[in-house]
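Student: Could you take a close look at the aromatic rings here and walk me through how they pair up?

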Amino acid sequence: MTPSFDSVLVLGGGVAGMAAARTLGDRDITVHLVEAADQLGGHAASWACMATDACRQCGACLARDMAHQTALHPNISVHLNTTLDSLEKTGQGFDVRLTSGEAIPAARIILATGFSPFDPVPSLLPGLHFTEHDKIITTAQLNQMLKEDTLTDFLGNTPAPEIAFIQCVGSRNRQLQRDFCSQVCCKISLRHTAKLLHLLPDAAITLFHMDLQTIGKETRCLAADLSAGIEMVQGVPAEILEDRETGRMRMVTEDPGSRSRIARSFDLVVLSVGMAPSPELEHLASRLGITPNRWGFFNTQDAVLPDGIHVAGCAAGPKDILGSRQEGRIAAARVLAELKQVPTGTSDVLVWGDGPQAATIAQTLADNGHKTFCFGQGTAPAGVTLMDPDRILGVDGAAGCFTVWYEQAGMRRSMNCRAIIAAPEPEYKTMAGQAPLTEAITLADFARIPVDQLPDASAILLDYTGPEFKTGARLALTSAMAAQHAGRQITVVMNKMLVHGAAGQQMYDRARQAGVRFLRVNTPADIQIQKTDTGFGLTIDEATLPGIPVTVSCNALVIPSAPVPGSDFVQIAGLLKQRQDTEGFLQSPNVRHRLTKSPRKGIYFAGTCHDEVDDTDLAAELNSIMADLDFSGPAPDHGVEVNQKKCAQCLTCLRICPHHAIVLNDKARPEILAAACFGCHLCVANCPAFAITSENFSTDQVADQVRKDRVVILACQRSAALAAGPLDLGDHIQLIPVPCACRTSTNLVLKSLINGAKKVIVAGCHEDNCLSMDGNTTAQRELAQVVAMPGITPDKASWHPVAANETQTFARIISDAHIS
C-alpha cells in the first residue's frame, strides 16, 4: 500500500509546536507532534506564574492550557519521550522514522525545538563563580523555586533579603560570540522583581543591567512602577566573591552618591541568563539537512532551511511565549499554503485606520485575495475600497457578520464585513522646538536629510524627552551610521540603547566601531543645553565618567518623536467595545487574546496603535491575522441558548456579555451567535428569568454534583482545574470544573451549600488573565453577596486566584480547607 503524505510532522511540543499543531489540526490536517520530554509545554510549562495582585502578562499559564487542549485534539497524535531517528526526502515529502519505531510519511516538517537557558559555567564566565556558591543562581533556577514555593526556605526565612539581579549573562557578549540580545531577559527580571516584592515586601532588590530593554506592551509601565522601590544600576559587575565571614555574596560596584567604588553584599545573586539553541536542534541538524547561523538559530539570512521544512518559536531565535505562539501559527499557515489547504473563500475585511500602517495592512490583505475596505482619501490601491465617513456610529455583530454604521453627507449608512483590523495611527509627540530645544529637529526629519546636506556635527538625544521606543532607537542607529560614513560627526546621548531583533546588538557594535560617539546619562537633568552661534553646546554629566563634565558642540540637535495614544483612541475603543491598556493604547494586555486578537472574535489589532511594533513585527502580525480569517467552518457549540418562551427581554445578557456574542434578532429578541460565543456561561449565571439554558452547566446540573460534607471547589477549566490535575485531592475535597469563574452565581453557591457542601471555594484566573475578561471579579462579587446573607459565615464561601501552573498554590488551598 502506498503511504499517504497528507500529515505534518511537528518536532517540539512547546508553545510554538503546540500552536502550529493546533492550527493545522483545526484545518483537518493530521499532525504528529513529537516531543523529547515526558510532557508537552516546553520550558514554559516549568515556568512559575508571575502574577502579583494581578496578572503580569508572562503567559506561562498558557502552556498548561495549550497542552491540555492539544492532547484532546482529534487530529493530533502526541509522541512523548520520542525524537527523530531517521529521515529521507522523497518526491512527495519525507519518510520519517521515530525512535519509538513508528514510521510516518510527512508532507511537511515544522521544527519547534525551543531553546536552552544559557549555562554560565566557570569555564565560560569564571568571574561569576556559578556552581561554586549555592546563593548564585540563574533565573531558570529562581523560577523553579518560585513555582515549587521553596524560595523562602532557600533564603533561610530571611525577612528582608538583599537580592541582586545581573542582566545579560550569556547575551550581548562578543567574547563568547553571542553578540545578540535574548529579547526576554529584562522583562523576566522585572517580573521576577515584582513577584519577589509581592512575596517579600521588605526585600531590597538591585538590578544591574547594560541597557534595560523596556520593550513591549506595558513593560515601560512595569519598569517605572518598580523604579521607585528597587535600585537599578547601569553596568554589570565583573566578579562575584564570597564574604567568608557572613557567607554572603559580595560585588564591587559604584556608589552613585560618592562616585567611589564600594563592595556590596547580597543574600542572593540571580544571573539573568540568555537563550541558547536547544541540544535537540543540534542533534537534528544533520538529519534534517539544516544549517543554523553561527549562534545556532535561524533568524538571519545565512541560516539554511531546505524546502518543506519550516522553523518556529525559539528554534528560529529568542522570543517570549506570546511571540512563540504567534510564530507557531504563522508556520502552520505557511504549511497550509504549500499544501494548498487554504480556505477557498476570502473575507471582507475593514482596516480601521487611515495612516501608512493601515495602508500597508490593506494592501497586503488585497494582495492575498481579501476584499478590503480602508478609511482614507485619494486613490485606492488595487483591491482596496477607500471609505471616508464623516462619523462612525457603531459596530454590531460578530466574526463573519459585522455591520459598521456610519454617517456620510448627513445620511446614516452601513457596510458589512467579516473581520475588522484596528490600525489607527498613534500621535507622535516631541519637544523639538520647545525650550531648551528651540531649533532642534525631529529624528524622522533628520533621517530624511540627504547625506551630502547633513550638518557637520549633530547630537541625538535619544530618550531625553520621554521613554525610548525601539523604532526610535533603530532609526537613531541607522541615521547615525549613515552620517558617520558620510564624514559627519555624530554623538548619541542616551540613558540606554534598545537592541531588539537579531541585528540590534551587531548594529550597535558597528556604530561604535564606525566612530559614532555614545554618551550615557542617568537622567535628563544630567544634560545642560545652551544655544550657540553655530548651533548648540551640551554639558553632560556622563554616567561612566563621574565628576568629569563632557562637552559637546553640534550644529544640529536631534530629538526622536515618541508614539502616544491618538486622541481618537478612546472613541475607537468604545465603538469596538474593547479596552485600552495602562498607557491608553488600544487592546487590553490580557495574554489570552494577544498578540493580535480580542475578546470579540473577528476584531484584531495591528501596528503601533496597540503595541511597540516595527515593520518586521507588523508583517508577522498580518501573517498571524490572515491565518485566522477563515470563519467558514462550523461554529463551536457551547450548549448555551436562549429559551425564547421564558425570555423577559430585559436584555441583561446583551449588556453583560464580555464577548458581545448576544445580539437582537429580527424580532428584537436576544440571540446567541455561536461563532462569537466563548462559552463562559456568564449569561447563564445572570439571567433573571432563567431563560438561558446550558446543556452541561446549568445551576442544577452543577449543584446536583455536590456531595455532602465535602469542600466543593468550583474551578475554572483553564486555570485552577488544570493546576489541580497532578494533585491527590483527598476524600474531603470535591472539584467541579466550570467553564469560567463567572459561571458562579449566588444561586449556584447557595444550592451547593443546601445540597450539603461544607464550604464552597471558587478558584479561577488572576485579575487581567481571564479569557472572558472579568470572571474573577464577577465571582468575587457573587461570593460577597452570599457571605453577606444572614446565617452564612464568611468561611462558607471564598475566592482564590489560581493560574494553571500554580499547583503548589492549589495544594495550599486544599490543605487550608482540610484544616478548617
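**Aromatic pairs, up close**

Tutor: Let's start with two rings: Phe-180 is buried, and Phe-297 is buried too (buried is under 20% relative accessible area, exposed over 50%, partly exposed in between, with a 1.4 Å probe and protein chains only). Keep in mind that this is a predicted model, where local features need pLDDT of at least 70, side-chain atom pairs count only at pLDDT 80 or more, and totals for chains, interfaces and linings use all residues. Residues are numbered from 1 along each chain as its sequence is written, and side-chain values use heavy atoms, leaving out hydrogens and water.

Searching the whole structure turns up five aromatic pairs (rings of Phe, Tyr and Trp, the latter by its six-membered ring, with centres within 6.5 Å; planes under 30 degrees apart are stacked, over 60 edge-to-face, the rest tilted). Phe-180 and Phe-297 have ring centres 5.8 Å apart and planes at 90 degrees, so they pair edge-to-face. Phe-180 sits in the loop between strand E9 (162-169) and helix H5 (185-199), and Phe-297 in the loop between helix H7 (279-288) and strand E17 (309-311), so this pair ties together parts 117 residues apart in sequence (helices, H or I, at least four residues, and strands, E, at least two, are DSSP runs numbered from the N terminus). Ring pairs also bring in Trp-295, making a cluster with Phe-180 and Phe-297.

Tyr-508 and Phe-518 are both buried.

Then there are charges over rings (NZ of Lys or CZ of Arg within 6 Å of the ring centre and within 35 degrees of the ring normal). Lys-89 lies over the face of Phe-94, 5.0 Å from the ring centre, while Arg-412 has its charged end over the ring of Trp-405, 4.4 Å from its centre.
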